[in-house]
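Let's take a walk through a protein model together. Have the sequence and the 3D view open, and we'll go from the charged pairs to the overall fold and then into the core.

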Amino acid sequence: MKTTKSTAGTKTTSAATKTKSNKNTKGKSSAAEGLRELFEDSLKDIYWAEKALTKALPKMAKNATSENLISTLNDHLTVTEEQVSRLEQVFELIGKKASAKKCDAMEGLIKEGESIIEETESGPVRDAGIIAASQKIEHYEIASYGTLAAFAETLGEEDALALLQQTLEEEKEADTLLTDVAYNNINFEAAEEDDEDDEEA
């Protein structure tokens, strides 16, 4: 009798849990209803992200010590400014005014980069941290532009697609350049500092 009661109770609880987990989150009144709206919202999101990055990159370059890293960050700043202009062209192509919507993901990634700078001493270790933070940003952008390109293709926005794919390739190239900078010197110099610290201890 006890076993049967326990099993029935478990089934009831399981069913209740299942019903609760299937409940959908109600969207905001301004929530996107179709793919085109989602595409436009995503464009606003990455537009904010790129503009925020034009302010963050100079700070990263200022706190880096490797000439190669400084040069790579400054070069990417120029590319990022071009990407902002390209996004404005995309907005124009789809008949919308360029406008930004705060990107929580980019804000978090930039803050993480700032924390790394604050928590490391100037030199190879900080440089390695700046590269790590920059690559996280690049990977986010690669994912964003890949998705935007897919949306544009589905919506038949061929001209917008070409511009978005151009930016996507630039972000992939930036990620590769950062990897090269890390493996050419910085990561090894940072590791050597660890060895020196261990010897002193």
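A salt bridge here is a side-chain nitrogen of Lys or Arg within 4 Å of a carboxyl oxygen of Asp or Glu. One such pair is Glu169 with Lys172, at 3.8 Å from N to O.

Before going on, a word on the ground rules. This is a predicted model, in which local features need pLDDT of at least 70 and side-chain atom pairs count only at pLDDT 80 or more, while totals for chains, interfaces and linings use all residues. Residues are numbered from 1 along each chain as its sequence is written, and side-chain values use heavy atoms, with hydrogens and water left out.

**Charged pairs**

The structure holds six salt bridges. Here are three of them:

| Pair | N to O distance |
|---|---|
| Glu170 and Arg86 | 3.0 Å |
| Glu169 and Lys172 | 3.8 Å |
| Glu107 and Lys111 | 3.9 Å |

Glu170 sits in helix α6 and Arg86 in helix α3, so their pair ties together parts that are 84 residues apart in sequence. (Helices are DSSP runs of H or I with at least four residues, strands are runs of E with at least two, and both are numbered from the N terminus.) Are these two partners buried or exposed? Both Glu170 and Arg86 are buried. Buried means under 20% relative accessible area, exposed means over 50%, and partly exposed is in between, using a 1.4 Å probe and protein chains only.

The other two pairs sit within single helices. Glu169 and Lys172 are three residues apart in helix α6, so about one helical turn separates them. Glu169 is partly exposed at 47% relative accessible area, and Lys172 is partly exposed at 37%. Salt bridges with shared partners also join Lys102, Glu107 and Lys111 into one network. Within helix α4, Glu107 and Lys111 are four residues apart, so again about one helical turn lies between them.

Now for a charged residue without a partner. Glu141, in helix α5, is buried yet has no salt bridge, and the nearest side chain of opposite charge, Arg86, is 10 Å away. (Lys and Arg count as positive, Asp and Glu as negative; His and the chain ends are not counted.) Leaving aside neighbours within four places in sequence, Glu141 is in contact (heavy atoms within 4.5 Å) with residues including Ile46, His76 and Glu171.

**The fold**

How many helices and strands does the chain have? It comes to six helices and zero strands. Of its 201 residues, 36% count as buried. Among contacts with a separation of 6 or more, 82% are between residues 24 or more positions apart.

**The core**

A nonpolar core is a set of buried Ala, Val, Leu, Ile, Met, Phe, Trp, Tyr and Cys residues joined through side-chain atoms within 4.5 Å. The largest one has 43 residues, and Phe39, Leu43, Leu69 and Leu164 touch the most other members. Helix α2 gives the most to this core, with 11 residues. Not counting residues up to four places away in sequence, Leu43 touches, among others, Leu87, Phe91 and Leu164.

There is one aromatic pair. Tyr47 and Phe91 meet edge-to-face, 5.6 Å centre to centre with 70 degrees between the planes. (Rings of Phe, Tyr and Trp, the last by its six-membered ring, pair if their centres lie within 6.5 Å; planes under 30 degrees apart are stacked, over 60 edge-to-face, and the rest tilted.) Tyr47 lies in helix α2 and Phe91 in helix α3, so this pair links parts 44 residues apart in sequence. Both rings belong to buried residues.
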